[in-house]
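Biologist: Hello! Could you walk me through this model, one question at a time?
Modeller: Gladly, here it is.

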Amino acid sequence: MHQQKRHPELVEGNLPVFVFPTELIFYADDQSTHKQVLTLYNPYEFALKFKVLCTTPNKYVVVDAAGAVKPQCCVDIVIRHRDVRSCHYGVIDKFRLQVSEQSQRKALGRKEVVATLLPSAKEQQKEEEEKRIKEHLSESLFFEQSFQPDSRTVSSGPSLLTVFLGVVCIAALMLPTLGDVESLVPLYLHLSVNQKLVAAYILGLITMAILRT
């Protein structure tokens, strides 16, 4: 008697979870950033239950930390930082989103989102610019060394097309959804939920392809 096999996508812990963004940055000097929104997408043909866990729950308020997402729909999860103090600057906290089928208790998939509190957005922009310059200089030095006789072969990174598609998908996810009347973006740039689900799915595939290179 053969044992009935379970569908590959429903194996515990293997179901891809699509969340945007994957990083939350709070700025102490900008109160508007103390409230962030995570969007959980469900591109599947079945409903999902979700639960939001946190490494430091005393620092955050998660509105609707548990709920359900209908098939091919999405849900917004509001996260508020309630302990904005200098002693927390630079500390990396983590949120974990666990999803499961409506009739199951075991988590089919999970996704982690990092959260960081920084003192100022201006200081962060300055640090990123300095980091970008240092990376550019190190890359230039690397390529110069690669032309030397004893140099090692440079490993190939993601193609320009892959990077371009990833940027397009991120831009699509950041555009307003149809029906958002308060947005200043022109109506023809408003995307439907299904279009955003496709963009999220493609972005997940691109991310996996980049990580494998």
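Modeller: One term before we begin: a residue is buried under 20% relative accessible area, exposed over 50%, and partly exposed in between. Please keep in mind that this is a predicted model.

Biologist: Thanks! Is Asp83 buried or exposed?
Modeller: The relative accessible area of Asp83 is 16%. The cut-off for the lowest class is under 20%, so Asp83 counts as buried.

Biologist: Which residue forms a salt bridge with Asp83?
Modeller: In general, side chains of opposite charge can pair when their charged atoms come close. For Asp83, the closest N and O atoms of the pair are 2.8 Å apart. The partner has a relative accessible area of 45% and is therefore partly exposed. That partner is Arg85.

Biologist: And which residues are linked in a network of salt bridges?
Modeller: A search of the whole structure finds 4 salt bridges. Lys94 meets Glu112 at 3.8 Å, N to O, and this pair links strand β8 (residues 92-101) with strand β9 (residues 109-118), 18 residues apart. Arg96 also forms a salt bridge with Glu112, with the closest N and O atoms 2.7 Å apart; here strands β8 and β9 are linked by residues 16 apart. The network is thus made of Lys94, Arg96 and Glu112.

Biologist: How does Arg96 count in terms of accessibility, and what is its relative accessible area?
Modeller: Buried would need under 20%, and exposed over 50%. Arg96 falls in between, so it is partly exposed, with a relative accessible area of 31%.

Biologist: Let's turn to the fold. In what order do the elements of the chain run?
Modeller: The chain has 3 helices and 9 strands. Reading from the N terminus on, the order is β-β-β-β-β-β-β-β-β-α-α-α.

Biologist: Which helix gives the largest share of the largest nonpolar core?
Modeller: That core has 33 residues, and Leu24, Leu38, Leu40, Phe95 and Leu97 touch the most other members. The largest share is 4 residues, and it comes from helix α3 (residues 193-212). At least three residues are drawn from each of domain 1 (18-121) and domain 2 (159-175 + 190-212). The helix you asked for is α3.

Biologist: Which residues does Leu38 contact, leaving aside its neighbours within four places in sequence?
Modeller: Contact here takes heavy atoms within 4.5 Å. With that cut-off, Leu38 is in contact with Val19, Phe20, Pro21, Leu24, Val75, Asp76, Ile77, Ile79, Leu97 and Val113.

Biologist: Where is the cis peptide bond, and what is its omega?
Modeller: Most residues other than glycine have a negative phi, and most peptide bonds are trans. In this model, Pro21 lies in the loop between β1 (18-20) and β2 (23-27). The cis bond joins Phe20 and Pro21, with omega about -5°.

Biologist: What is the phi of Asp64?
Modeller: Asp64 is found in the loop between β5 (60-63) and β6 (66-69). At 53% relative accessibility, it counts as exposed. Its phi is positive, in a residue other than glycine, and near 55°.

Biologist: Last one: how much accessible area does the nonpolar patch on the surface have together?
Modeller: The patch is formed by Val198, Tyr201, Ile202, Leu205 and Met208. Tyr201 is found in helix α3 and counts as partly exposed at 42% relative accessibility. Together, the accessible area of the patch is about 440 Å².

Note on methods: Residues numbered from 1 in each chain as written. Predicted model: local features only at pLDDT ≥ 70, side-chain atom pairs only at ≥ 80, totals over all residues. Heavy atoms only, no water. Core = buried A, V, L, I, M, F, W, Y, C linked by side-chain atoms within 4.5 Å. Buried < 20%, exposed > 50% of the residue type's maximum accessible area, 1.4 Å probe, protein only. Helix = DSSP H or I, 4+ residues; strand = E, 2+ residues; numbered from the N terminus. Domains from an automatic or database assignment. Patch = residues over 30% accessible without salt bridge, like charges linked within 9 Å, V, L, I, M, F, W, Y side chains within 5 Å. Areas by Shrake-Rupley, 256 points an atom, 1.4 Å probe, with all protein chains shown as cover. Salt bridge = Lys/Arg side-chain N within 4 Å of Asp/Glu carboxyl O.
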